[in-house]
Amino acid sequence: MKIFLDTSDVKVIRKYCEIGLIDGVTTNPTLMKQAGRNPVEVISEISSLFNSDASISAEVVADSAKDMIIQAEQYHSINKNVTIKVPCTYEGLKACKKLSDRDIKVNVTLIFSLNQSILAVKAGATYISPFIGRCEDNDIDGIDLISSIRKIFKLNNITKTHILAASIRNIDHINDSYKAGADIVTLPPKIFEEMYKHFLTDQGLAQFDKDWKELNK
Ligand code: E4P
């Protein structure tokens with residue numbers, strides 16, 4: 001049950017790394033635009049914050065598999081923990097197959113259907129990213145999609161590909177994704193904050209602090 005951070009903000013990632021509960025990072029072109037920096041430098045800095053077991057997704061942006069692979073090679077040379085993110089398109093799947101055949105880890109992103117998941121598995125993907133929030137925006141049941149993928153994985157004994165729930169908008173998405181069989185959930189930092197907060201924890205803590213002070217008067 002792994003947790004990734006869904007951001008390209010190196011400062012924020014460095015801060016959350018301190019807690020020791022973050023297993024990786026996902027980035028995308030929009031998050032890179034928000035960071036406003038050179039993507040290769042950003043991936044290089046993020047990957048240096050993690051050990052080799054982590055996964056740092058760097059997304060390639062190109063029209064052909066050939067060009068995706070050229071970008072992938074540049075990212076892959078940065079650090080062993082960099083995972084190449086490709087879109088679930090004909091060229092993206094082609095790039096995924098070629099990179100996976102070379103033992104380069106690939107995350108097939110923008111997954112909205114079971115058919116896409118099946119092809120990504122066939123292409124050797126290490127991760128597939130169903131987009132829960134965007135599914136819901138389009139009246140697709142993203143959690144049911146994860147359940148169906150998990151069912152197919154069990155029936156076919158698929159263990160090499162991991163289900164990475166993405167486009168997470170609230171804490172229910174996290175719980176529901178894990179319940180449906182996701183291996184990993186990637187979270188915007190503000191949603192991670194919401195995971196450990198509870199008003200009863202705050203209330204209980206205030207009472208404990210008060211009682212402790214009175215005892216030690
Ligand atoms: C992660 O891999 C995705 O790029 C990200 O979760 C997309 O989230 P969004 O739909 O909120 O943009």
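How far is an oxygen atom of the ligand from an N or O atom in the side chain of arginine 134? The distance is 2.6 Å.

## About the model

This is a predicted model, in which local features need pLDDT of at least 70, side-chain atom pairs count only at pLDDT 80 or more, and totals for chains, interfaces and linings use all residues. Residues are numbered from 1 along each chain as its sequence is written, and side-chain values use heavy atoms, with hydrogens and water left out.

## Around the ligand

Let's start with the shell. The residues around the ligand (a heavy atom within 4 Å of it) are Asp6, Thr26, Asn28, Lys85, Phe131, Arg134, Ala166, Ser167 and Arg169. By type, this shell holds 2 nonpolar, 3 polar and 4 charged residues.

Besides arginine 134, the side chain of serine 167 brings an N or O atom to 2.7 Å from a ligand oxygen. Arginine 169 has a polar side-chain atom 3.4 Å from an oxygen atom of the ligand. The ligand alone exposes 340 Å², of which the protein buries 84% (Shrake-Rupley method, 1.4 Å probe).

## Threonine 26 and its partner

One residue of the shell, Thr26, leads us to strand S8. The side chains of threonine 26 and threonine 186 share a polar contact of 2.6 Å (a pair of N or O atoms within 3.5 Å, one able to donate a hydrogen and the other to accept it; residues adjacent in sequence count only if both atoms are side-chain atoms).

Threonine 186 belongs to strand S8, residues 184-187 (strands are DSSP runs of E, at least two residues). With a relative accessible area of 1%, threonine 186 is buried (under 20%, 1.4 Å probe, protein chains only).

Notes: Nonpolar A, V, L, I, M, F, W, Y, C, P; charged D, E, K, R; others polar. Helix = DSSP H or I, 4+ residues; strand = E, 2+ residues; numbered from the N terminus. Buried < 20%, exposed > 50% of the residue type's maximum accessible area, 1.4 Å probe, protein only.
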